[in-house]
There are 4 protein chains.
Amino acid sequence: MAAVMTVQQLNDFLGQVFEQVADDFCVDEVEGDTVTMRLLTSDKHLRPGGTISGPSMFGLADVAAYVVTLAHIGPKALAVTTNCSIDFMRKPEAGVPLIAKARLLKLGKQLSVTDVLLFSEGLDAPVARASLTYAIPPKSMG
Amino acid sequence: MAAVMTVQQLNDFLGQVFEQVADDFCVDEVEGDTVTMRLLTSDKHLRPGGTISGPSMFGLADVAAYVVTLAHIGPKALAVTTNCSIDFMRKPEAGVPLIAKARLLKLGKQLSVTDVLLFSEGLDAPVARASLTYAIPPKSMG
Amino acid sequence: MAAVMTVQQLNDFLGQVFEQVADDFCVDEVEGDTVTMRLLTSDKHLRPGGTISGPSMFGLADVAAYVVTLAHIGPKALAVTTNCSIDFMRKPEAGVPLIAKARLLKLGKQLSVTDVLLFSEGLDAPVARASLTYAIPPKSMG
Amino acid sequence: MAAVMTVQQLNDFLGQVFEQVADDFCVDEVEGDTVTMRLLTSDKHLRPGGTISGPSMFGLADVAAYVVTLAHIGPKALAVTTNCSIDFMRKPEAGVPLIAKARLLKLGKQLSVTDVLLFSEGLDAPVARASLTYAIPPKSMG
């Protein structure tokens, strides 16, 4: 599946539609059916000891699934998450950026399904895995 | 299953162990195997239009499952979420508090399993449902 | 939410559209947004020791979510499961029927979301919980 | 992570501990942290039209997660599934074997977490994805 949006277009679109959180995320790479993103960590994302909070990990997985869907259907502000299953497997390293690798497994007319692995940058073992379903708006609403 | 901590003890404990987020949550009621909590909404929890963000809904469900577990095992700072499955079903009402009703379904030696329904206060139809698994630390670590 | 099909109509419809498995399941009760069903256990559903297998528990939860959806949209053979999250919490009692209590949480145009609790008949503590999403076919395909 | 059991040992062990279903499954390959298995399809796994049923897909994913866990901890009959999240994405091809590719993402003392993709043999697009958590028995019970 080839992407129809570039890294630059995806970052620009996030800045327009998610003004409040666009400073938190950066798209690094789009390649085939995968997207790599990162959380631009600040104090609000941290727990005592400097590790990244659960809601911040969820938020990165959620945005990554949205972005990899957009990358293949084009800019649509209205897609909504309908389901997320997430396994927290290891504590993220303190002081290390959190990276998401999202892979689009299905792109249907009504739904997309994405797998996401979260990593502390530079480490091989994933800190979390998630799968997310997005409801895609009908064409006339795009 | 009778609770071993009161509403006051749970709110105090949250204030001690989750200093950074304790101002975001309030335990309203503990009764048998259920806990009712609320998100004390502020700007950081909102999306354009005034609705509550996905990560904030996840965060409330996560804390509610933790609190209903604590209510039955006593104060243990080290319990960690290992899995969450969440369905987003309706858009929360703008300007209305978000309420969680958490029910402890299993309390084992190593794991607890909790069901959570999220509501916009005053409305019957839930905005989201979640199930969460917590890993309970061995007694010597409590 | 009032049901539009009766227990008899639901059992008849299952017999028509799922001929191969209709002998495995029985709808006991439909009331408001909930349905109670049972697995008619035979050897193929059992594991050594006489407990019910994981796939059989999944199968009962899946059919119960389908039936509670049908009960509210009317007979549509084409609805398909898109997602299931299931927690296995206790070993089912050997030699005791398995009961599902399914509650329809959302009935949208494209999706339904259902919560299911599975019980060994006569015992209070659930053996498993599941949440399932069904994709509902467009009206012209019903 | 290197495996500690061979394909032959895994198939033999399945035959011993899951006598009732061992004829349904075959381990094809073990390599690093992944296992490839197949469902040996017979009538009981099929739906009208010849496609494989949901419980049969769940059953293959469940056994594959168990086998990839065993492959790394050695033969332990007592490991139990505690959670499964599964997305059904495409209808399996009728008359084509169902293949599972399972990848062990975490092997802890108490829990393993595995990702599974299910394929109709010979086709690139997965028919389903699942993630499963297994509770690993303490060493003295192995």
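What follows walks through the sheet, the helices and the chain contacts of this predicted model.

The place to start is the sheet shared by chains A and B. It is an open sheet of 12 strands, in the order 1(A)-2(A)-4(A)-5(A)-6(A)-3(A)-3(B)-6(B)-5(B)-4(B)-2(B)-1(B), and the pairing is antiparallel. At the edges stand strand 1 (25-31) of chain A and strand 1 (25-31) of chain B; each has a single partner strand, so one side of each is left without a neighbour in the sheet. From one strand to the next, the twist averages 20°. On the chain B edge, strand 1 and strand 2 (residues 34-39) pair in the antiparallel sense over six bridges, and here C26(B) sits opposite R38(B) of strand 2.

The join between the two chains is made by their third strands. Strand 3 of chain A and strand 3 of chain B pair in the antiparallel sense, with five bridges between them. Across this join, N83(A) faces D87(B) in strand 3 of chain B.

Beyond the strand pairing, the A-B contact as a whole draws in 17 residues from chain A and 17 residues from chain B. On the chain A side, helix 2 and strand 3 each put in at least two residues. Strand 3 of chain A gives the largest share of that side, nine residues. Sorted by class, the side of chain A that touches chain B holds six nonpolar, seven polar and four charged residues.

How are the two copies related? Chain A superposes on chain B after a rotation of 180° with 0.0 Å of shift along the axis, at an RMSD of 0.0 Å. That is the relation of a two-fold axis. Of the C-alpha atoms in chain A, the one nearest the axis belongs to S85(A), at 2.1 Å. Both copies use the same surface, as 100% of the contact residues of chain A recur in chain B.

Each chain of this pair also lays a helix over the sheet. Helix 2 (residues 54-73) of chain A lies across strands 1, 2, 3, 4, 5 and 6 of chain A, and strand 3 (80-88) of chain B as well. Its direction is at about 45° to strand 4 (98-107) of chain A. Helix 2 (residues 54-73) of chain B does likewise, lying across strands 1, 2, 3, 4, 5 and 6 of chain B together with strand 3 of chain A. This helix runs at about 45° to strand 4 of chain B.

Helix 2 (residues 54-73) of chain D can be described in its own right. The helix has 20 residues and reaches 29 Å from its first C-alpha to its last, close to the 28 Å expected at 1.5 Å a residue. Helix 2 of chain D is mostly covered, with 18 of its 20 residues buried. Just after this helix, G74(D) takes a positive phi of about 85°.

Back in chain A, D12(A) lies in helix 1 (residues 7-17). D12(A) counts as partly exposed because 15 other C-beta atoms lie within 10 Å. Between D12(A) and A22(A) there are 9.0 Å in space, C-alpha to C-alpha, and the two are 10 residues apart in sequence.

Chain A also meets chain C, where six residues of chain C are in contact with six residues of chain A. Strand 3 (residues 80-88) of chain C provides the largest share of the chain C side, three residues. That side divides into one nonpolar residue, five polar and no charged.

Note on methods:
Residues numbered from 1 in each chain as written. Chains lettered and ligands numbered in written order. Predicted model: local features only at pLDDT ≥ 70, side-chain atom pairs only at ≥ 80, totals over all residues. Contact = placed C-beta atoms within 7 Å. Helix = DSSP H or I, 4+ residues; strand = E, 2+ residues; numbered from the N terminus. Nonpolar A, V, L, I, M, F, W, Y, C, P; charged D, E, K, R; others polar. Expected span 1.5 Å × (residues − 1). Buried ≥ 20, exposed ≤ 12 C-beta atoms within 10 Å, placed from the backbone. Pairing = 2+ DSSP bridges. Axes fitted to C-alpha atoms, helices over the stretch in contact; angles between N-to-C directions. Least-squares fit on C-alpha atoms with pLDDT ≥ 70 in both.
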